[in-house]
Amino acid sequence: MGKVAFLFAGQGAQYVGMGMDLVKNFERAKNVFKKADEALGYRISDICFYGPEEKLKETANTQPAILTHSLACYFLLKEEGIVPDVVAGLSLGEYSALVAAESLDFEDAVRVVRKRGIYMQEAVPLGEGTMAAIIGLERRVVLEVCKLASDEGVVEAANFNSPDQTVVSGHVKAVEKALKIAREKGAKKAVMLPVSAPFHCSLLKPAGEKLGKELEKTNIKPAKIPVISNVTAEIVKDPAAIRELLIKQVSSPVLWEDSVIKMKELGVDTFVELGPGRALSGLVKKIDRSLTTLNVEDSESLANVMNYFRGNR
C-alpha cells in the first residue's frame, strides 16, 4: 500500500440528515457537533439533521455544516489510528483539510467558514451570478469558450475537476452564452448548477478582501501534514502562505485535477473522502481509474474503511 490522502467535501454535497447516524453511534462525533453549535451560537447540528433543506442550502449554513460533518468523520478515523500522509479539500473542504493538519483549530474554522459563506453570498446580488458544468471538452477549449462569451459579462473557469469536466462561473447571461457555445463545440453536457452565487471567479474578489480581515484575526499554525492548495496544486505549510492562498481561493479557479495528480506524484494511491457524498471519489476515478477510493459519511462506510485499513497493514 502506498501513501494515503484524505479528501474533504465541498459545497453542494450537503443533504438533510448528514452526520445524524454518526452522532447516534459515537460520542466523539456527538462532541464535534456540540463544539460547532457552541462556536456558532446556534444549533447547526439541528440544521444538518432535520433541515429544512432550504435552510441547509443557505451558504452561511452549508459551509459550517459540511465542515462539521467532515471533521466528525476525520476525528473518528484518527481515534482508530488511521491518519493521512497528505490532505486536500475542494474549495470549502480546504478548511477541513487545514483542521486535520492542525493548522486551524476546529472552532475557529467553523466560525470563519460561516463568515466566508456570508461574504461570498453578499459579493454578488442574488440572481445576478451563477455557475455551470461543462463535460466533454478539454480545458483549453473551455477557456476559449469563456473568452467568446465574455461580451455578455464575466465568465471564467472556476473548477478544473477532471480531464473532461470544468465548471464555469460568472454573470448569468455570460454563463448561458458559454453553455450555448460549449454545446456547439461538442460538449457532451453543459448544464447550470443549483448554486446561489458565482464562486471562484473575479466577481468574488470583494468577498476575499472581507475574508482576509477575518483571517488576520485567526490563529493559523504551520501545517503538520502536507496540505495541497486549491490555488496552486502544491504543498502549503507556512501560515502566511496559507492565509494568502485562502484569500485568493475565493476568486481563483480550483485546480482539483492538478491537485490529485500532485498527490499521485507524492506516492498516494489511496484516497479517502470524508463528509457528505462521493463526488470527490468520482472525480479521482475520472482522473485515474487505477487509484483506490473510499469514503466515510456514516457508520457503515466508517466500518468499511476501518476494515480496509486493518486488512491492508
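**View 1. The buried residues of helix α14 in a predicted model.** The buried residues of α14 (buried meaning under 20% relative accessible area with a 1.4 Å probe, protein chains only) are Ser299, Ser301, Leu302, Val305, Met306 and Phe309. Seen down the axis of α14, these buried residues fall within an arc of 165 degrees, taken from the directions from the helix axis to the C-beta atoms, so they line one face of the helix. The face turned away from that buried side carries Glu300 and Gly311, which are exposed, that is, over 50% in relative accessible area. This is a predicted model in which local features need pLDDT of at least 70 and side-chain atom pairs count only at pLDDT 80 or more, while totals for chains, interfaces and linings use all residues. Residues are numbered from 1 along each chain as its sequence is written, and side-chain values use heavy atoms, with hydrogens and water left out.

**View 2. The packing partners of α14.** The buried residues of α14 pack against β1 (3-8), α1 (20-25), α5 (59-79), β9 (268-274) and β10 (292-296), where contact means heavy atoms within 4.5 Å.

**View 3. Domain 1 and domain 2.** The domain assignment, which comes from an automatic or database source, gives domain 1 (3-123 + 203-312) and domain 2 (129-196). Between them, 14 residues of domain 1 are in contact with 14 residues of domain 2.

**View 4. A salt bridge.** The side chains of Asp258 and Arg139 meet in a salt bridge at 2.8 Å, N to O, the term requiring a side-chain nitrogen of Lys or Arg within 4 Å of a carboxyl oxygen of Asp or Glu. The count between domain 1 and domain 2 is 2 salt bridges.

Key. Helix = DSSP H or I, 4+ residues; strand = E, 2+ residues; numbered from the N terminus.
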